[in-house]
Amino acid sequence: MSDDDLSTGDPNLRLDLWAPVLFALHVTVALAFVPLYPLHVFDTDLLAYFVFFRDWATGTGALHGLDYFFQPKPLLVFTLGPLGNVHTAVACTSVATGLLGAAVYLVGRDSFGRTVGILWSLALLLDPSRTFLTLKSSADLYLTALVFVSIWLLIAGRFTLAAACVLLAALIKPVALPCALQFLLVPAPIHRRLAYAALPALALPATLLGNHLLLGSALDPGQYLAQFAALRDTTGISPGEVIHFALWTQLVDTRFVSTAPLGALGLLMWLAADRTRLTHPLFLLPLLVLGGYLALSVATPYMPFFRFFWVLEVWFLGYLMFAIVSIGRLVGGAGSRLAAAATALMLLFLVDDSLTQYARYRDHYALPMERNMEFVQAAADTLARERRGGEVVLAPLAFQSYLMWTAPPGTPDTVVLSAEAAARHGLKSPPPWILDVPAGYVSDPARALVDGLEATATYEPRLANGPAALLRLTPP
């Protein structure tokens, strides 16, 4: 049977009732969080996709060479960018979340058994990162969804479709390119394996072309990574630190605080049962994404974020669920009440880890971000009424793309200047407007620059809420 034959007779491609049910459940839960955090959808990166696409579509080139918070992901710029609406974008991302939930079930079903597949997908619903990455239409959520769809297609022997998914993942983030190595291990003639592995490599010239169209230079993203690391007063992360951050700081020290040993045990149990699983796509593909981040740390410094390695969280969660179910069955026997009780007890620790992380994120980031965005929206309305054409607004990087996107039609993108870029390059004169939101600054020099401007020039507050203020320069 050809690897492109999608016959329903292939048991590896069977889509049982649980797949669409879990897909619908993930989509429903994702959309249910939108009214709880209504301003989270105004994410910096998503709004930057809109700005980049508009800049390209109108041919203005205003963003070429601009110091920016964000590196454009060509696939998302040219798919989400034309939408121009955050709620339409989050609806699309909710569908991607549903695909991830279904793919996780299918991978779990075919690798661990149906019970583990169902529990793995349901446990993913409790993952706070899944919730907030969906609200933000995060590139890392799309990448993770594509990686797990690729894993399922590889297990099913659909290698061309799997390679196409890896290509799409690499068009979002080139760190997915090492996943092409997986296709050199598939059971196929060597010329077919080479062809499968070559397909994702098409992402490299496509990404360079996208960077040229959006930034004016194919290699600007490399400069961006180094510049952003410099803004944070750091030299970037080393390869050894990447491994420590992704596998220890994120998985053990932060996400699975009380259950990490179970995940490690599940991984060892699964590999020990069959040594050939060392080349299994479920084991190898997420680690190849980590390899992409390792290679990136060698090529250029960058600041790590937990969302970068979320694919490893989802991967580790599968082995954790496998260990819980296996231990439950060992204690009480398959299908017994004792096994169910033991499994439920261990699941409580996982639920506790998830709720603890959710509360931490909600209190320290989500709710403050909602309050800040509420003020920034009011400030944008004031600017629309009172700012004269061409007047520069100095703002934190975190809100630069929002002010660009919501500016009146015809307003040049360059009249919104990030405080971080101004701190690095200096200012010729005090800007006419300052959006001062202390929580939004990426670097201490940016905060100091704004404080210095407020001390040496005369600014009139046009809007204020606690420490946040919109300031207008008064004539001498």
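Which handedness does the crossing of H7 and H8 have? Hi everyone, let me answer that straight away: the crossing of these two helices is left-handed. Please keep in mind throughout that this is a predicted model.

Let me stay with that helix pair for a moment. H7 covers residues 139-155 and H8 covers residues 159-172. Their axes come within 8 Å and cross at roughly 165°. Since an angle over 145 degrees counts as roughly antiparallel, H7 is roughly antiparallel to H8.

Who makes the contact? On the H7 side, the residues include Tyr 142, Leu 146, Val 149, Ser 150 and Leu 153. On the H8 side, you'll find Phe 159, Cys 165, Val 166 and Ile 172 among them. If you sort the contact by class, you get 15 nonpolar residues, 1 polar and no charged ones.

Now, on to the rings. The structure holds 26 aromatic pairs, and I've picked two of them for you. As a reminder, a pair of aromatic rings is described by the distance of the centres and the angle of the planes.

My first pick is Phe 183 with Tyr 196, with 6.5 Å from centre to centre and 55° between the planes, a tilted pair. Phe 183 sits in the loop between H8 and helix H9, while Tyr 196 belongs to H9 itself, so this pair ties together parts that are 13 residues apart in sequence. Both partners are tucked away: Phe 183 is buried at a relative accessible area of 0%, and Tyr 196 is buried at 5%.

My other pick is Phe 305 with Phe 308. Here the ring centres are 5.5 Å apart and the planes stand at 80°, so we call this one edge-to-face. Phe 305 is partly exposed, with a relative accessible area of 25%, whereas Phe 308 counts as buried at 12%.

There is also a cluster to look at on the screen. Phe 112, Trp 120, Phe 148, Trp 270, Trp 315, Tyr 319 and Phe 322 together form one aromatic cluster.

Let me finish with a polar residue, Gln 357. You can find Gln 357 in helix H16, which runs over residues 337-386. Is Gln 357 buried or exposed? Gln 357 is buried, with a relative accessible area of 12%. And which residues does Gln 357 touch, if we leave out those up to four places away in sequence? The answer is Asp 127, Pro 128, Ser 129 and Arg 255.

That's my tour, and thanks for listening!

Key. Residues are numbered from 1 along each chain as its sequence is written. This is a predicted model: local features need pLDDT of at least 70, side-chain atom pairs count only at pLDDT 80 or more; totals for chains, interfaces and linings use all residues. Side-chain values use heavy atoms; hydrogens and water are left out. Axes are lines fitted to C-alpha atoms, for helices over the stretch in contact, and angles run from 0 to 180 degrees between N-to-C directions. Helices (H or I, at least four residues) and strands (E, at least two) are DSSP runs, numbered from the N terminus. Angles under 35 degrees count as roughly parallel, over 145 as roughly antiparallel, 65 to 115 as roughly perpendicular and the rest as oblique. A crossing is left-handed if the near helix is turned anticlockwise from the far one by less than a right angle, and right-handed if clockwise. Contact means heavy atoms within 4.5 Å. Rings of Phe, Tyr and Trp (its six-membered ring) pair if their centres lie within 6.5 Å; planes under 30 degrees apart count as stacked, over 60 as edge-to-face and the rest as tilted. Buried means under 20% relative accessible area, exposed over 50%, partly exposed in between (1.4 Å probe, protein chains only).
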